[in-house]
Amino acid sequence: MDILRVQNVASQVKEAIPDMFVRSETEQPGITTVQGTTLEVPIIDFSNPNEEKILKEIVEASCEWGMFQIVNHKIPSELIRKFQVVGKEFFELPQEEKEKCAKDPNSQALEGYGTRLQKELDGKKGWVDHLFHKLGPPSDINYRFWPTHSNYREVTTEYAKHLHGVVDELFKALSLGLGLEGHELREAVHGDNLVHLLKINYYPPCPYPDLVLGVPAHSDMSFFTLLVPNEIQGLQASKDDQWYNVKYVPNAIVVHIGDQMEVISNGKYKPVWHRTTVSKNETRMSWPVFIEPQPEQEVGVHPKMVNQDNPPKFKAKKFKDYAYCKLNKIPQ
Ligand SMILES: O=C(O)CCC(=O)C(=O)O
């Protein structure tokens, strides 16, 4: 059973940290981060009455950055605060309580409380614990992985409901950006059946933040991901082959374009390559929600994105097969 929990390692560590967390020099954030500047990824104001402008900004950011931050969206800041409080409370529960939500060690499924996610080729581990569970569709929700403390379930359900509005707006904008009707992209991805998978990342303080990574460099497998972090700096994105800190914007929703969106758009929308660092004295947390196909759903290039001059750049694949290759570092 996977019993290593980074939160426990962090609470016991005095001087040196175990070698399995120490990254090679090519990855260490102390060496590989561009210092003294934060990356100003596009900030898109959803309260702007000029809808054309919002649309243009979403499309440009998705083509050029694979990432943007939405401000003045319709999710109340008080709800986000409560959602973050109940998530943090989970990680503050006694260990045996948290273990009640643990992943099944014999299952390949992602859901549950755990530590290791990706097979890392060099055997290194991220300085992070996590809790994964689905928020939807309703028939896919498995409450075995939902914590039961305080009003976790009520608040998280409320957050999940509000997220739908943002998801729909993004699909509409990205659809129009591909020259499709506003409804077409959501229909093509079976919008009502998409998996909304919540992950809560808990990055405890680390005495040597320059040597470790929270989550190593990756792009998301999703169509897109909607993320709210706490106020501790840690998200980094790669631009022109350099790593930069991404500016923290209070109450913003960070959007990552994921691999499936790249596939369906035949490469027009670009997934963002990102990773996370940790803090010396404070706990960083983040709450990404991955908007993903069902495992059996096949994703390929949208037929309207293909013509004689633009052959498909990606092969169609069931999402479960895509995910298997990605998690096991097998070429797609
Ligand atoms: O913590 C973050 O800001 C990003 C987390 C992330 O990229 C992930 O969990 O896949």
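A residue counts as near the ligand here if its C-beta atom, placed from the backbone, lies within 6 Å of that molecule. This is a predicted model, in which local features need pLDDT of at least 70, side-chain atom pairs count only at pLDDT 80 or more, and totals for chains, interfaces and linings use all residues. Residues are numbered from 1 along each chain as its sequence is written.

Let's start with the ligand. Around it sit Lys 199, Asn 201, Val 215, Leu 227, Pro 229, Gly 234, Leu 235, His 274, Thr 276, Ser 286 and Pro 288. The table gives the strands that each supply at least two residues of this shell; strands (E, at least two residues) and helices (H or I, at least four) are DSSP runs numbered from the N terminus.

| Strand | Residues |
|---|---|
| S6 | 195-203 |
| S7 | 224-229 |
| S11 | 274-276 |
| S12 | 284-292 |

By class, the shell has 5 nonpolar, 5 polar and 1 charged residues (Ala, Val, Leu, Ile, Met, Phe, Trp, Tyr, Cys and Pro are nonpolar, Asp, Glu, Lys and Arg charged, and the others, Gly among them, polar).

Now for a pair of helices. The axes of H4 (residues 77-91) and H6 (residues 152-177) come within 9 Å and cross at roughly 135 degrees, with axes being lines fitted to C-alpha atoms over the stretch in contact and angles running from 0 to 180 degrees between N-to-C directions. Leu 79, Lys 82, Phe 83, Val 86 and Phe 90 of H4 meet H6 residues including Tyr 152, Val 155 and Tyr 159, where contact puts C-beta atoms, placed from the backbone, within 7 Å. The residues of this contact divide into 7 nonpolar, 2 polar and 2 charged.

How values were computed: Two residues are in contact if their C-beta atoms, placed from the backbone, lie within 7 Å.
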